[in-house]
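Colleague: I'm a first-year and I get lost whenever I try to read a whole model at once. Could you pick one part and go through it slowly with me, explaining the terms as you go?

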Amino acid sequence: MDSLHPMSSQGLPSPVISDGRVLEITTTTGCFVGCTYCPQNKFAVRQRAVSHARHLRLEDFKKCLARVPAAVDISFSGYSEPWLNPDCTEMVEHAHASGHGIRISTTLVGMNERDLRRLQALDFRVFLVHVFDDGTYMDGGLVGRHYIDLMRQLIDTDISSLLFIVMGEIHPDLVEIVPYKALIRSRPLRGGVNPEIVGTRQPIAGALTCPDERQHRNVLLPNGDVTLCCMDFERRHVLGNLLRDSYTDLFEGPAFCEIAERMNGKDGFLACRMCEFAN
């Protein structure tokens, strides 16, 4: 999944080898895809209370990225569908040209054929498509002719890192399209998602660890703030702001130090205690 190529299809140098750190990009506040297990409203309410920025501006993305070492992978995923921001493809191209490893996680909503042609020219560590299900968790009404045509075109590309994931059963109009061998079947995870859908786990007491080291897989928000990880929809752990802070500052400031101390057993709120990934 993370294999590297010596040269991209555009003749640009390949991304440098990742050190395991990832910065996920939330390109927009609010997501109308509306997965029922996603606590999107909680994120939108908390984000709008601190910033009126609906979309991550391209110029702000470039400023933030300039502070991030090339060894950090850039993942276009975050708390909302990335392509609901019309500048998303240009952001991907800029991050790729800057030498970062690129990861994509998308429903394809908001993407068009021109976006797909531009993306096909790039290399990705992974290009993961969140496939619409049979209506259990997602609005099947978004699966129209344009979506189906785009899905077919994507599958016909030569993107070698292309994978698909579905929560539950595939939408009936996509069953014969999505390649079975590239499909991952999953379920909604406890932690940052809607507890009414998946329930909650018993909070972990004392010291804990994150096997996935998600404390170094952080999320950039449209106003430049950086939250701890993809489960922190409520902005409970904001590490800093890449429009003013360096990437290193995020992990040397008081917010991250407090998180580390609480992971080591110190009292105080820690979102990780309810997260499915923690142990």
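Modeller: Let's go strand by strand, then look at the helices, and end with some rings. A bit of housekeeping: this is a predicted model, so local features need pLDDT of at least 70 and side-chain atom pairs count only at pLDDT 80 or more, while totals for chains, interfaces and linings use all residues. Residues are numbered from 1 along each chain as its sequence is written, and side-chain values use heavy atoms, with hydrogens and water left out.

The labels come from DSSP: helices are H or I runs of at least four residues, strands are E runs of at least two, and both are numbered from the N terminus. Let's start at β2, residues 73-76. Its side chains take turns: Asp73 and Ser75 point one way, Ile74 and Phe76 point the other, and all are buried. Buried here means under 20% relative accessible area; over 50% is exposed, and partly exposed lies in between (1.4 Å probe, protein chains only).

What does β2 pair with? Two strands pair if DSSP finds at least two bridges between them. β1 and β2 run parallel, with four bridges, and one of the matches is Ile25 with Phe76 in β2. β2 also runs parallel to β3, joined by three bridges. There, Ile74 has Ile102 of β3 opposite.

Carry on from β3 and you reach β4, again in the parallel sense, with four bridges. Ile104 has Phe127 of β4 as its bridge partner. β4 is mostly covered, with four of its five residues buried. β4 then pairs with β5 (residues 162-167), parallel once more and over four bridges, and His130 is matched there with Ile165 of β5.

How does the chain get from β4 to β5? The path goes through α5, and this β-α-β crossover is right-handed. Right-handed means that, with the strands pointing away from you, the path from the first strand over the helix to the second runs clockwise. β2, α3 and β3 form a right-handed β-α-β unit too, and so do β3, α4 and β4.

Now for α3, the helix in the unit with β2 and β3. Which of its residues are buried? In α3 (residues 88-97) they are Cys88, Thr89, Met91, Val92, Ala95 and His96. These span an arc of only 160° around the axis, so they sit on the same side of α3. The arc is taken from the directions from the helix axis to the C-beta atoms. There's a general rule behind this: an α-helix has 3.6 residues a turn, so residues three or four places apart point the same way. The cover over the buried residues of α3 includes α2 (58-65), β2, β3 (102-106) and α4 (113-120), going by contact, which means heavy atoms within 4.5 Å. After α3 comes Gly99, with a positive phi near 95°.

α2 is worth a look as well. Its buried residues are Leu58, Asp60, Phe61, Cys64 and Leu65. Down the axis of α2, they fall within an arc of 160°, so they line one face of the helix. Their cover includes β1, β2, α3 and β7 (217-220).

Last, the rings. Rings of Phe, Tyr and Trp (its six-membered ring) pair if their centres lie within 6.5 Å; planes under 30 degrees apart are stacked, over 60 edge-to-face, and the rest tilted. The structure has eight such aromatic pairs. In one of them, Tyr37 and Tyr137 have ring centres 5.5 Å apart and planes at 75°, so that pair is edge-to-face. Follow the chain and you'll see that the pair links distant parts: Tyr37 is in the loop between β1 (22-25) and α1 (40-50), Tyr137 is in the loop between β4 (126-130) and α5 (145-155), and they are 100 residues apart. Tyr37 counts as buried, because its relative accessibility is 8%. Elsewhere, ring pairs join Phe43, Tyr79 and Phe233 into a cluster.
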